[in-house]
Amino acid sequence: MLHEFKMPDLATTGGSVKIVRWLVQPGQAVTRGQFLLEVETDKATMEVEGTSAGVFTKALVLEGDSVDAGTVIAVIEAAGTKAAKPITAEPPMVLSEAAPQPPKKAGGFFARNRAAAVHAEAALPQDRVSPADPPVAFSAPGQLMPLSIARRTAARRLQQSKQTIPHFYLQTSANAEPMMARRSAALPEKLAWDAFFVKAVHAAIHRFPMMAYRFEDDQLVLQTTETIGVAADIAGDLYVVPMESPGEQSVEEISRALRARVTALRGGDPQARVMKPGAMTITNLGASNVETFIAIVNPPESAILATGKIRPVVIAMSDTAFAIQHRVNLTLSVDHRVANGKYAADFLGAIVEELENL
């Protein structure tokens, strides 16, 4: 009896999944629970298990194809129904020239990711080191570059945000000396800079609760979470690392949790790539030597904080006295439907106060 193997529901955000690589070939005996293929969703890359034992007869989709949950993707001749006939193996499927298949390596998918992660720095801004992209030669005119599902999802959401949310922007700076002093006191543990921003933003939202609302159907709806997200670049894909209940944790505890989450992301842990709703997102380009930039609101949130490089600047202590102080530039992007300029400015001022008094 032939069994139709359907793409299971992998709890994605409703989009399709991309077939990365088949792990079995036609004519090969398979068992229930055996990994048959690797797929990429908008949240993770993962292996998919077979649901029956028998002989893998035929794959109905090619590597590189995108399919929805419930789509029949392969045929398996069930074990025990009759003697399995020898099946002429079809040549392995390959990706198109626009998306060449990476060379196969020893070990399982997650083992390979863990091995690669050994060489990746798990730190966050400014001491974060993103995996280096391989050198890319200039392509011939007209050559296409396929995008990952995660990248396509981010592009769609950011385009929707920019087109439908009336952004406005506020800029200021904060004295970073208190953060630097606490970071030095914690050595040899190296605190992630974003841990300070997470703590400060969470405390400021409690002082200005309107920032925890979102605009929906001509009314404001409270975000029922205290999670603060941290944007992270993982091999070119954008993820938001959720930090849950930061008010109950110290800066040191938040830093450890951030580093652990980023390490799990780089190691291919599918649970680490599951998106969770947040009250607000923080994005930091200080590690890239960027002093100031403007970010796009991450819907359904109403604001996002962009932080730059901590750097020494000359400040006036009086009309005749000057000093050098380390400061960090902050840019707050706000949904004007949720908060007006004065309220958002006071909120940004509260973030500065929290940073300077952590």
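**Reading the strands, helix H6 and the cores**

Author: In this predicted model, four antiparallel strands make an open sheet, ordered E5-E4-E2-E7.

Reader: What makes E5 and E7 the edge strands?

Author: Strand E5 (45-49) and strand E7 (66-67) each pair on one side only.

Reader: How do you know that E4 and E5 are paired?

Author: Pairing takes at least two bridges. Strand E4 (residues 35-40) is joined to E5 by five bridges, so they count as a pair, and they run antiparallel. Within that pair, valine 39 sits opposite methionine 46 of E5.

Reader: And what makes E10 and E11 a hairpin?

Author: Strand E10 (residues 213-216) and strand E11 (residues 219-222) pair antiparallel over four bridges, and two residues lie between them. Tyrosine 213 faces leucine 222 in E11. In the turn, aspartate 217 has a positive phi of about 55 degrees.

Reader: How do you know that the length of helix H6 agrees with its 16 residues?

Author: We take 1.5 Å times one less than the number of residues. For H6 (residues 341-356) that gives an expected 22 Å, and the end C-alpha atoms are 23 Å apart, so the two agree.

Reader: Why is asparagine 340 said to cap H6?

Author: A side-chain oxygen of asparagine 340 lies 3.3 Å from the backbone nitrogen of lysine 342, at the N-terminal end of H6. The cut-off for a polar contact is 3.5 Å, so this pair is within it.

Reader: Which residues of H6 are buried, and what do they pack against?

Author: The buried ones are Ala344, Phe347, Leu348, Ala350, Ile351, Val352, Glu354 and Leu355. Buried here means under 20% relative accessible area. Their packing partners include helix H3 (177-185), helix H4 (193-207) and strand E17 (322-335).

Reader: Which residues touch the most other members of the largest nonpolar core?

Author: Of its 52 residues, those are Met179, Met280, Leu330, Leu332, Phe347, Ile351 and Leu355. H4 gives the largest share, nine residues. Leucine 332 touches, among others, Phe168, Met280, Ile304 and Phe347, leaving aside residues up to four places away in sequence. Another core, of 19 residues, lies apart from the largest one; Val24, Val30, Val61 and Ile76 are among its members.

Reader: What is the mean pLDDT of the chain, and where is the pLDDT below 50?

Author: The mean is 83, with 81% of residues at 70 or more. Residues 83-133 fall below 50, though this stretch has 97 contacts in the model beyond near neighbours in sequence. Where pLDDT is low, the predicted coordinates shouldn't be read in detail.

Definitions and conventions: Residues are numbered from 1 along each chain as its sequence is written. This is a predicted model: local features need pLDDT of at least 70, side-chain atom pairs count only at pLDDT 80 or more; totals for chains, interfaces and linings use all residues. Side-chain values use heavy atoms; hydrogens and water are left out. Buried means under 20% relative accessible area, exposed over 50%, partly exposed in between (1.4 Å probe, protein chains only). Contact means heavy atoms within 4.5 Å. A polar contact is a pair of N or O atoms within 3.5 Å; within protein, one must be able to donate a hydrogen and the other to accept it, and residues adjacent in sequence count only if both atoms are side-chain atoms. A nonpolar core is a set of buried Ala, Val, Leu, Ile, Met, Phe, Trp, Tyr and Cys residues joined through side-chain atoms within 4.5 Å. pLDDT is the predictor's confidence in each residue, from 0 to 100.
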